[in-house]
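What follows is a guided reading of one structure, taken up from its strands, then through the contact of its chains, and finally into its core.

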2 protein chains.
Amino acid sequence: MTEDELVGAIRERIAGVPAQRLLLGIGDDAAAWQPSRSNRSVITTDALVEGVHFTRDAMSAYDAGWRALASNLSDVAAMGARPVLATVALGFPPGTDPAWLLACYDGIAALAKDARCAIAGGDLTRAPAIVVSITIVGEVRASNLKRRDGARPGDIVAVTGSLGASRAGLRVALDRPDLAGEPELAGALAAYRTPQPRLREGRWFGASRHVRAMMDLSDGLSTDLARLCAASGVGATIDLVPVHDAARRVAARTGDDADAWALGGGEDFELLVAIEKRAFPHLSARFAARFGHSPIAVGRIAAGAGVRLANGVAIDPSGWDHLR
Amino acid sequence: MTEDELVGAIRERIAGVPAQRLLLGIGDDAAAWQPSRSNRSVITTDALVEGVHFTRDAMSAYDAGWRALASNLSDVAAMGARPVLATVALGFPPGTDPAWLLACYDGIAALAKDARCAIAGGDLTRAPAIVVSITIVGEVRASNLKRRDGARPGDIVAVTGSLGASRAGLRVALDRPDLAGEPELAGALAAYRTPQPRLREGRWFGASRHVRAMMDLSDGLSTDLARLCAASGVGATIDLVPVHDAARRVAARTGDDADAWALGGGEDFELLVAIEKRAFPHLSARFAARFGHSPIAVGRIAAGAGVRLANGVAIDPSGWDHLR
């Protein structure tokens, strides 16, 4: 398959993705669009690398594509923004089956369609391993843009869902393929393979002036809360680590510690928010009315620095290091 | 060096890059900016991969960074746009010298400063080889946006400079390090290592309604003109292949064919334009008054399809295939 043929096949795969925002799509030197005149724009980039973030044994091409887009969409959600368009730079080794690449684009396209995020352009290149580098542009009303640095002592720290399922799914996918077919563990595998970025929740929180800081949980509650605290110049106490049922079920079979997965596992892509304390009960009720479940209060912002568990144990501030 | 330390050092390296357009820069889930209310936005992405586009033997870290940004800026120039901001996703193998990575960022920062392009954010990840994936957002007045598909029979095909120097520089860098120190070949090496994206020329052409189509020369005149023709539904004849003096000097030493480099060598990052025939003399004179040299007429757009040389020889339409 030549490059031009592959580009043509990719364009077919993404034909169903909404592209109304594009004035000019794939095929020119750049894509063009008209930014909303009343909003601010946000941009984020994130790469998914074979052998680092996934292996072809443990993750299908479709799931790799989905996952690569999901991690970027999650960052857009964490700003309170909606996605507008994405670019995809795809590197792959000589001899890669074109079917793998097209299935990867199917995964990107499926989530892009859900998220109403146009695919604006891309780049295909040879590379020593599969690398999916995605950049997303989003938009948000200036008053709804949420940052990491607004948390204040006394705020409630909450998350949009229980944690650890993605890490549990990774454990099954990597080490226990014998368990992969068990229906009761399917939720963990889905959390790992096709995570759902919290775009609606992010926009909802963005619209509330009582939400003082927001970020997404990509590296684990302990690490990410430490980052939010560092950005805000505050500390925090974690009172509760909400463990996903699917993580508990996997851990019961593998002998792992589901609480550790929930605290440090990463890639849950739930949102982490600091909410003004007196507003929390009402905000929580409204959130539940909108989304069918409450945000989960996991702790409190405190004066000072550093994150501690309720038992007083300090969390290692070094956290997850992508380069280790 | 930990990830946080590396991020801190990178932020120091890009501190001199203009960031006035950013409302929120590196360090949050996404960067934020206010798009111009009167312009359209463009976006393009391009990856530079070790072992594919460069080797650490033949190209310094600084030059690799410069080159990665240059290829993206050239795409922005080809739309008639000005750059606003860039994101940089950098993958590298465990054990990579942090000094290499910082020097790469120095190269990115130097060109970003020249081009007044903010560095809005990035991603650091392990990878099996160095991968620099850059995405640039630019802006352009709606009436100045140039596409590939507007060429019409009779138009003059012109380029912003003579060709082949980058390919000649690659030849020296890869195969003839013994020649690398020769002053008369320095121009070829510079064309390969630190190409100058034609941003001013692109904006100037963008402002002329007589420029009917524009793209940048990244894969060689023959291949890229064939793409412009295919997009426009026309053919073309190449009457003249302007060979860069530096390419001739290298070829004289290495026994290569400088004309072939100029026709098919790629990565010259000059602009390729189709200009209304009757407007060409006046436009050319005004261009020369502005930039100190004339655009070089290389051929004519014709009815039909395909690109031919003046001697009638058809150019292989398959062109450069990044995946071969």
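In this predicted model, six strands form an open sheet with mixed pairing, and their order runs S5(A)-S4(A)-S6(A)-S3(A)-S2(B)-S1(B). Strand S5 of chain A (118–126) and strand S1 of chain B (22–24) stand at the edges, each with a single partner strand, so that one side of each is left without a neighbour in the sheet. From one strand to the next, the twist averages 25 degrees.

At the chain A end of that order, strand S4 (residues 82–92) of chain A pairs with S5(A) in the parallel sense, over eight bridges. Within this pairing, Ala89(A) is the residue that stands opposite Asp123(A) of S5(A).

Pairing across the chains can also be followed between strand S2 (residues 31–33) of chain A and strand S3 (residues 40–49) of chain B, which run in the antiparallel sense and are joined over three bridges. There, Ala31(A) has Ile43(B) of S3(B) as its bridge partner.

How many residues does each chain bring to the contact of the two chains? Chain A contributes 58 residues and chain B contributes 58 residues. On the side of chain A that touches chain B, the element that gives the most is strand S3 (residues 40–49) of chain A, with nine residues. Sorted by class, that side of chain A holds 29 nonpolar, 16 polar and 13 charged residues.

Turning to the helices of chain B, helix H4 (residues 165–175) and helix H5 (residues 186–193) have axes that come within 7 Å and cross at roughly 100 degrees. Because angles of 65 to 115 degrees count as roughly perpendicular, H4(B) is roughly perpendicular to H5(B). From H4(B), the residues that make the contact include Ala165(B), Ala168(B), Leu170(B) and Val172(B), while among those from H5(B) are Ala188(B), Leu189(B), Ala191(B) and Tyr192(B). By class, the residues of this contact divide into nine nonpolar, three polar and one charged.

One residue of H5(B), Ala188(B), leads on to the core. The largest nonpolar core has 222 residues, and the members that touch the most others are Val132(A), Ala188(A), Ala247(A), Val132(B), Ala188(B) and Ala247(B). Leaving aside residues up to four places away in sequence, Ala247(B) touches Gly164(B), Ala165(B), Arg167(B), Ala168(B), Ala188(B), Ala258(B), Trp261(B) and Ala262(B). Among these neighbours of Ala247(B) are Ala165(B), Ala168(B) and Ala188(B), residues that also take part in the contact of H4(B) with H5(B).

Notes. Residues are numbered from 1 along each chain as its sequence is written. Chains are lettered from A and ligands numbered from 1 in the order in which they are written. This is a predicted model: local features need pLDDT of at least 70, side-chain atom pairs count only at pLDDT 80 or more; totals for chains, interfaces and linings use all residues. A nonpolar core is a set of buried Ala, Val, Leu, Ile, Met, Phe, Trp, Tyr and Cys residues joined through C-beta atoms within 7 Å. A residue is buried if 20 or more other C-beta atoms lie within 10 Å of its own, exposed if 12 or fewer, and partly exposed in between; C-beta atoms are placed from the backbone. Two residues are in contact if their C-beta atoms, placed from the backbone, lie within 7 Å. Helices (H or I, at least four residues) and strands (E, at least two) are DSSP runs, numbered from the N terminus. Ala, Val, Leu, Ile, Met, Phe, Trp, Tyr, Cys and Pro count as nonpolar, Asp, Glu, Lys and Arg as charged, and the others, Gly among them, as polar. Two strands pair if DSSP finds at least two bridges between them. Axes are lines fitted to C-alpha atoms, for helices over the stretch in contact, and angles run from 0 to 180 degrees between N-to-C directions. Angles under 35 degrees count as roughly parallel, over 145 as roughly antiparallel, 65 to 115 as roughly perpendicular and the rest as oblique.
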